[in-house]
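Student: I should like a close look at one part of this model, namely how its helices pack against one another. Please give a connected account, and add what can be said about the cysteines.

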Amino acid sequence: MSIKGPLADRFGREHTDLRISVTDRCNVRCRYCMPAEGAEFRPHSEILTYEEIQRFVRVAARLGICHLRITGGEPLVRKDIPRLVEMLAGIPGITEIAMTTNGILLDRFAGPLKAAGLDRLNISVDTLDRDKFQKITRHDELPQVLQGIAAAREAGFENIKLNALAIREFTEDEIAPLALFAREHGLNLRFIEFMPIDGDRRWTSDRVLPGVEILEILQREVGPLIFQQRGGSRSPAAEYRFRDGGGSIGVIHSVTKPFCEDCDRLRLTADGRVRNCLFCDDHWDARALLRSGGSQRQLAQLIQLAVSAKSKTHGSRGGVLTQPDRAMHQIGG
């Protein structure tokens, strides 16, 4: 096999997006991601080094990967994370690097990340109510998140997205306040339907707050919305703007209207497994190849095999959305 793109699966989907988890550890314990106690973390020796990640991305870029997203766990708890951003930004073919973070440490990292070459930030915040924030994350860190958002804007990040999970009997009262906050501060807001990847494994379909209900609440409590477009293959969100021009909203119908047909994503877990779908238990061991002296051609073959094995819909379950073998913090967002 040649080390040359495009990196397409058997259904014609070209893959240009790689999600890189740099750690399975986090500084909060969100109920939909990790258990309060007993979470198992990989020892440091099993986590890919920055040099190993860089080598993997060099090969992936030659196959057509051009957009990177750094995730976790919480990526900012990984030591010297701006150095990795700088290492990846210098790889030929990489045109954009984004990061998903909970924002708690962002006040100290926003400037160094921007200087290192990070292009975009997604900040996870499900509520602006301090008590609710503590309930869902099991930590009282909302002020730090808000400071992180302010620091990101001050550092010069222009395309900041807030990610809010949509959970029935929790999110309804948070939708309008989050939308108004985003409008006030010039931020993009996206609501994501609750998926079965929670650390406590208590997900049930009746806890999903569908995107259509989110839109109804927004139009009733904030203002009329106008559909703009599907975000395209790089974005799974359906995009809307407020009729008065005051900002935009994205809704990711990850459960009620999955975006599998446009999926262009691969995932590299912190311990070096390539996964072709968030809900697929199959994986390809890149770490073993990287550490055994495997060649670039062998690494390219592994990546191509992972893409060629990708199913048409969610994982290997024929489109049935069920809990994968790992929780979200172990896979990467």
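Tutor: Two helices count as roughly perpendicular when the angle between their axes is 65 to 115 degrees, and as roughly parallel when that angle is under 35 degrees. The model to which these terms are applied here is a predicted one.

The protein chain contains 10 helices and 12 strands. Of its 333 residues, 56% count as buried. Among contacts in the chain with a separation of 6 or more, 74% join residues 24 or more positions apart.

Two packed helices are described by the angle between their axes and the distance between the axes. Helix 1, residues 50-62, and helix 9, residues 296-308, have axes that come within 10 Å and cross at roughly 70°. Helix 1 and helix 9 are therefore roughly perpendicular to each other. The crossing of helix 1 past helix 9 is right-handed. On the side of helix 1, the contact is formed by R55, F56, V59, A60 and R62, which meet Q296, L299, A300 and I303 of helix 9. By class, the residues of this contact comprise six nonpolar, one polar and two charged.

The second pair is formed by helix 2, residues 81-89, and helix 3, residues 106-116; their axes come within 8 Å and cross at roughly 15°. Because of that angle, helix 2 is roughly parallel to helix 3. Helix 2 also passes helix 3 in a right-handed crossing. Here I81, P82, V85, E86 and A89 of helix 2 meet F109, P112, L113 and A116 of helix 3. The contact of helix 2 with helix 3 divides into eight nonpolar residues, no polar residues and one charged residue.

The cysteines remain to be considered. A disulfide requires two cysteine sulfur atoms within 2.5 Å, and by this rule the count is zero. For C260, the closest cysteine sulfur is that of C277, at 6.3 Å, and the pair is not bonded because this distance is too far. C263 is likewise in no disulfide, the nearest cysteine sulfur being that of C277, 6.7 Å away. As for accessibility, a residue counts as buried when its relative accessible area is under 20%. C260, with a relative accessible area of 14%, is therefore buried. C263 is buried as well, since its relative accessible area is 15%.

Conventions: Residues numbered from 1 in each chain as written. Predicted model: local features only at pLDDT ≥ 70, side-chain atom pairs only at ≥ 80, totals over all residues. Heavy atoms only, no water. Buried < 20%, exposed > 50% of the residue type's maximum accessible area, 1.4 Å probe, protein only. Axes fitted to C-alpha atoms, helices over the stretch in contact; angles between N-to-C directions. Helix = DSSP H or I, 4+ residues; strand = E, 2+ residues; numbered from the N terminus. Parallel < 35°, antiparallel > 145°, perpendicular 65-115°, else oblique. Left-handed = near helix turned anticlockwise from the far one by under 90°. Contact = heavy atoms within 4.5 Å. Nonpolar A, V, L, I, M, F, W, Y, C, P; charged D, E, K, R; others polar.
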